[in-house]
Amino acid sequence: MSIDVSEIGPIPAAWTRRHLLGLEDLSVEELNLILDAAEMFKEATGGCTQKIPVLTGRTCANLFFENSTRTRTSFSLAMRRLGGDTVDFTASSSSTSKGETTLDTARNIEAMGVQVVVCRHRTPGTPHLLSKNLNCSVINAGDGAHEHPTQGLLDILTIRQKRGSIAGQTVALVGDIQFSRTARSNIWGLKKLGAHVIVCGPATLVSPLWRELGVEVSHNLDEILPRCDVLNLLRIQFERQSTRPFPSVREYAHLYSMNRERLEKTKGNVLVLAPGPINRGVEIATDVADGPHSAILEQVTNGLAVRMAVLWLVCGASARELE
Ligand code: NCD
């Protein structure tokens with residue numbers, strides 16, 4: 001089923017960005033504008049299940065140089081729900097293995113007439129480089145350990161929906177803060193919207209320097225649990241580490257895994273989030289991941305709504321520039 005596009009007006013005048021590269025640069029107004037647009041799309045499309053063809057005739061290319069399940073699939077689905085087309089690029093089966101640079105690859109994809117490039121790359125700054133050298137819109141889908149703006153937004157949208165507001169919430173990001181792009185995007189977005197943010201994990205993955213961003217630093221999960229409204233459990237990014245940050249996964253799980261005993265130390269209505277993929281028995285126990293506090297699958301649905309909103313906004317800003 002398709003919804004009448006007249007229900008959706010033009011993009012708000014306050015949105016002027018052709019690219020979405022991170023949450024660090026966004027104003028509070030811009031953050032709220034994306035969250036409001038995501039909610040509007042979610043509602044108008046019956047929980048993102050129906051089409052609303054506001055981007056008919058536009059094409060989005062997913063340029064993923066790193067693995068992805070949720071992010072790539074939801075960008076593809078979001079573009080199709082908006083009536084546009086998508087094309088998927090996977091590094092392992094492409095000419096990058098023949099020596100082509102990332103920028104040349106992107107320029108060739110753009111030459112096929114795409115209006116949006118969604119880029120995931122292990123090197124921080126790659127989407128920024130593309131945005132300076134391509135004419136189309138660029139969306140960062142994760143650049144190394146730097147930022148993952150749509151993940152930050154979908155986490156924040158889930159908190160807003162469950163708690164009514166971000167301001168005043170105490171949100172703990174638990175686990176691998178050092179190598180997690182989700183952590184950085186969460187910190188920028190949550191702080192701007194008035195949350196108290198605690199970063200918690202082993203000292204090898206949570207430096208005291210994080211305090212400079214205005215967050216609380218803790219190495220003791222059990223101690224902070226009674227104060228937290230939200231726990232966002234981050235995966236250990238082994239693929240980005242050159243040395244092991246702790247003696248064994250078992251020891252890490254003993255100190256930081258969110259399990260049923262630890263739930264008993266929380267406020268009782270604590271909200272449990274995880275960006276996925278989750279490692280059951282490491283950062284989260286199965287009974288917590290699948291239990292009543294968990295909003296992990298709602299995060300995935302909200303990811304679709306956030307990506308619909310972002311695609312609509314950046315395409316609208318691009319079209320306005322060409323007028
Ligand atoms: C995150 C990522 O790729 O940074 N996953 C995601 O996009 N859903 C987090 C992770 O891989 O741990």
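The following exercises, each with a worked solution, concern a predicted model.

**Exercise 1. Determine the strand order of the four-stranded sheet, and state which strands lie at its edges.**

Solution.
Step 1. The four strands follow the order β2-β1-β3-β4, and they form an open sheet.
Step 2. The pairing in this sheet is parallel.
Step 3. Strands β2 (85-90) and β4 (137-143) are the edge strands, since each pairs on one side only.
Step 4. From one strand to the next, the twist averages 15 degrees.

**Exercise 2. Describe how β3 pairs with β4, and identify the bridge partner of C119.**

Solution.
Step 1. Strand β3 comprises residues 116-121 and pairs with β4 over five bridges.
Step 2. The sense of this pairing is parallel.
Step 3. For C119, the bridge partner in β4 is N140.
Step 4. As background, strands of a sheet pair through backbone hydrogen bonds, in either a parallel or an antiparallel manner.

**Exercise 3. Locate helix α3 relative to the strands that it lies across.**

Solution.
Step 1. Helix α3 spans residues 102-110.
Step 2. This helix lies across β1 (59-64), β2 and β3.
Step 3. The direction of α3 is at about 160 degrees to β1.

**Exercise 4. Characterise the relative orientation of helices α1 and α5, and list the residues that make their contact.**

Solution.
Step 1. Helix α1 covers residues 28-44, and helix α5 covers residues 149-163.
Step 2. Their axes come within 10 Å and cross at roughly 70 degrees.
Step 3. Angles of 65 to 115 degrees count as roughly perpendicular; α1 and α5 are therefore roughly perpendicular to each other.
Step 4. On the α1 side, the contact is made by L31, N32, I34, L35, D36, A38, E39 and K42. On the α5 side, L153, I156, L157, R160 and Q161 take part.

**Exercise 5. Analyse the five-stranded sheet and the packing of α5 on it.**

Solution.
Step 1. This open sheet has the order β7-β6-β5-β8-β9, with parallel pairing.
Step 2. Each of β7 (216-218) and β9 (271-273) has a single partner strand, so one side of each is left without a neighbour in the sheet.
Step 3. The average twist from one strand to the next is 20 degrees.
Step 4. Strand β8 (residues 230-233) runs parallel to β9 and is joined to β9 by three bridges. Within this pair, L231 stands opposite V272 of β9.
Step 5. Helix α5 packs on the sheet and touches β5 (170-174), β8 and β9. The direction of α5 makes about 165 degrees with that of β9.

**Exercise 6. Describe the surroundings of the ligand and its polar contacts with R120, R181 and Q237.**

Solution.
Step 1. The residues surrounding the ligand are R70, T71, R120, H148, Q151, R181, T182, R235, Q237, P275, G276 and P277.
Step 2. R120 places a polar side-chain atom 3.0 Å from an oxygen atom of the ligand.
Step 3. For R181, the distance from a polar side-chain atom to a ligand oxygen atom is 2.7 Å.
Step 4. A side-chain N or O atom of Q237 is 2.8 Å from an oxygen atom of the ligand.
Step 5. On its own, the ligand has 310 Å² of accessible area, of which the protein covers 93%.

**Exercise 7. Examine the backbone geometry at P277 and at C48.**

Solution.
Step 1. The G276 to P277 peptide bond is cis, and its omega is near 0 degrees.
Step 2. P277 belongs to the loop between β9 and α10 (286-289). Both G276 and P277 are among the residues surrounding the ligand.
Step 3. C48 has a phi near 70 degrees, a positive value in a residue other than glycine.
Step 4. The loop between α1 and β1 contains C48.

Definitions and conventions
Residues are numbered from 1 along each chain as its sequence is written. This is a predicted model: local features need pLDDT of at least 70, side-chain atom pairs count only at pLDDT 80 or more; totals for chains, interfaces and linings use all residues. Side-chain values use heavy atoms; hydrogens and water are left out. Two strands pair if DSSP finds at least two bridges between them. Helices (H or I, at least four residues) and strands (E, at least two) are DSSP runs, numbered from the N terminus. Axes are lines fitted to C-alpha atoms, for helices over the stretch in contact, and angles run from 0 to 180 degrees between N-to-C directions. Contact means heavy atoms within 4.5 Å. A residue is near a molecule or strand if one of its heavy atoms lies within 4 Å of it. A polar contact is a pair of N or O atoms within 3.5 Å; within protein, one must be able to donate a hydrogen and the other to accept it, and residues adjacent in sequence count only if both atoms are side-chain atoms. Accessible areas come from the Shrake-Rupley method with a 1.4 Å probe; for residues, only the protein chains shown count as cover. Angles under 35 degrees count as roughly parallel, over 145 as roughly antiparallel, 65 to 115 as roughly perpendicular and the rest as oblique.
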